Amino acid sequence: GIDYTSIKASELPTLKYIHCFKINLDQNTLQLAFAKDDLFPAETVKWLAKRNHALLAVNGGFFTSSWAPIGLRIQHFKKRSFLQPTSWWPIFYIKNNTPYIINEKDYKPDNDISFAVQGGPRLLRRGVIPSLKPGKAERTALGITNNNEIIIAATENWPLSTDELAHIFKEKLHCSEAMNLDGGSSTQLYAHINKFQLDIGSIALITDIVYVTHQ
């Protein structure tokens with residue numbers, strides 16, 4: 001229920017990658033974990049992933065300089081932080097085991113939403129790439145395929161613009177919906193799935209992770 005692929009940059013130097021995982025929600029669960037639940041204001045993705053026995057984890061959404069999450073977070077049907085009323089901050093959520101990405105203004109609270117994280121900007125909407133601002137950085141992002149599978153992706157040594165990332169999600173990863181999470185120095189990924197291991201680390205601390213466990 002978890003497939004992995006990497007996309008390698010064609011230009012030199014070639015040690016530039018996007019690490020991509022496709023998640024089937026019939027076999028796996030997407031969850032959030034917060035550093036503050038373990039009495040720390042922030043931690044690394046690897047530390048939180050191991051703490052929560054994650055198969056796969058990436059950094060979550062944005063946060064303040066005092067380590068408070070910014071934007072909606074729902075963990076196990078419980079709201080952990082409030083909606084950020086910013087027009088270009090979409091919401092990724094799961095309801096009745098189906099993933100969605102919607103704009104902030106279209107969100108309506110629902111007791112059946114088991115998971116939610118807010119980030120931005122939106123990279124794809126019904127297969128269409130919106131107008132996106134320039135500027136390159138390391139990236140972490142979530143996508144949804146036409147089969148309602150989730151794509152979790154993070155770059156390694158490959159700063160990209162959001163427009164470049166959107167084209168990869170559409171043309172290489174075959175997503176119809178996608179959104180950016182926190183990036184830059186926050187971009188981190190840790191995976192330990194049977195004999196497969198991958199650690200894209202950073203010295204930066206983050207407040208929360210998006211992680212995958214097997215049902």
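Asp 110, in this predicted model, counts as partly exposed, with a relative accessibility of 27%. Its salt-bridge partner is Lys 95, and the closest N and O atoms of the two are 2.7 Å apart. Because Lys 95 lies in strand S7 (residues 91-95) while Asp 110 sits in the loop between strand S8 (98-102) and strand S9 (113-118), the pair ties together parts that are 15 residues apart in sequence. Lys 95 is likewise described as partly exposed, its relative accessible area being 24%.

A search of the whole structure finds nine salt bridges, and two others among them deserve a careful look. The first to consider joins Arg 73 to Asp 208, with the closest N and O atoms 3.0 Å apart. Arg 73 belongs to strand S5 (residues 73-75) and Asp 208 to strand S16 (residues 208-214), so this salt bridge ties together parts that are 135 residues apart in sequence. Are these two charged partners buried or exposed? Arg 73 counts as buried because its relative accessibility is 0%, and Asp 208 is buried too, with a relative accessible area of 1%.

The other salt bridge links Glu 149 with Lys 22, and here the closest N and O atoms are 3.9 Å apart. Glu 149 is found in the loop between strand S11 (140-145) and strand S12 (150-156), whereas Lys 22 is in strand S2 (residues 17-23), so the pair ties together parts that are 127 residues apart in sequence. Glu 149 has a relative accessibility of 18% and therefore counts as buried, since buried means under 20%. Lys 22, at 29% relative accessibility, counts as partly exposed.

From these single pairs we can turn to the strands that hold several of the residues just named. The secondary structure of the protein chain comes to two helices and 16 strands. Strands of a sheet pair through backbone hydrogen bonds, and the pairing may be parallel or antiparallel.

One open sheet is formed by six strands in the order S1-S2-S12-S11-S13-S10, with antiparallel pairing. Which strands lie at its edges? They are strand S1 (2-8) and strand S10 (122-124), each of which pairs on one side only. From one strand to the next, the twist of this sheet averages 20°. Within the sheet, S11 and strand S13 (residues 175-180) are joined in the antiparallel sense over five bridges, and the bridge partner of Ile 144 in S13 is Glu 177. Helix H2 (residues 162-171) lies across S1, S2, S10, S11, S12 and S13, and runs at about 40° to S10.

A further open sheet has five strands, arranged in the order S3-S16-S4-S14-S15 and paired in the antiparallel sense. Its edge strands, each pairing on one side only, are strand S3 (28-34) and strand S15 (196-200). Neighbouring strands here are turned against each other by 15° on average, when direction is ignored. Strand S4 (residues 56-59) and strand S14 (residues 189-193) run antiparallel and are joined by three bridges, and Leu 56 has Ala 191 as its bridge partner in S14.

The next step is to ask how nonpolar side chains gather inside the chain. The largest nonpolar core has 27 residues, and those that touch the most other members are Leu 30, Phe 92, Ile 152 and Leu 189. Ile 152 shows how such contacts reach across the sequence: leaving aside its neighbours within four places, Ile 152 is in contact with residues including His 19, Phe 21, Leu 30, Leu 56, Ala 141 and Val 212. Apart from this core lies another, of 20 residues, among them Ile 7, Leu 124, Ile 129 and Ala 166.

Finally, some values describe the protein chain as a whole. Buried residues make up 54% of its 215 residues. Among the contacts between residues at least 6 apart in sequence, 68% join residues at least 24 apart. Along its principal axes, the C-alpha trace spans about 45 × 35 × 35 Å. How does the radius of gyration fit with a compact globule of 215 residues? Such a globule would have a radius of gyration near 17 Å, and the protein chain has 16 Å, so the value agrees with that expectation.

Technical notes. Residues numbered from 1 in each chain as written. Predicted model: local features only at pLDDT ≥ 70, side-chain atom pairs only at ≥ 80, totals over all residues. Heavy atoms only, no water. Salt bridge = Lys/Arg side-chain N within 4 Å of Asp/Glu carboxyl O. Helix = DSSP H or I, 4+ residues; strand = E, 2+ residues; numbered from the N terminus. Buried < 20%, exposed > 50% of the residue type's maximum accessible area, 1.4 Å probe, protein only. Core = buried A, V, L, I, M, F, W, Y, C linked by side-chain atoms within 4.5 Å. Contact = heavy atoms within 4.5 Å. Pairing = 2+ DSSP bridges. Axes fitted to C-alpha atoms, helices over the stretch in contact; angles between N-to-C directions. Rg over C-alpha atoms; globule rule 2.2 N^0.38 Å.
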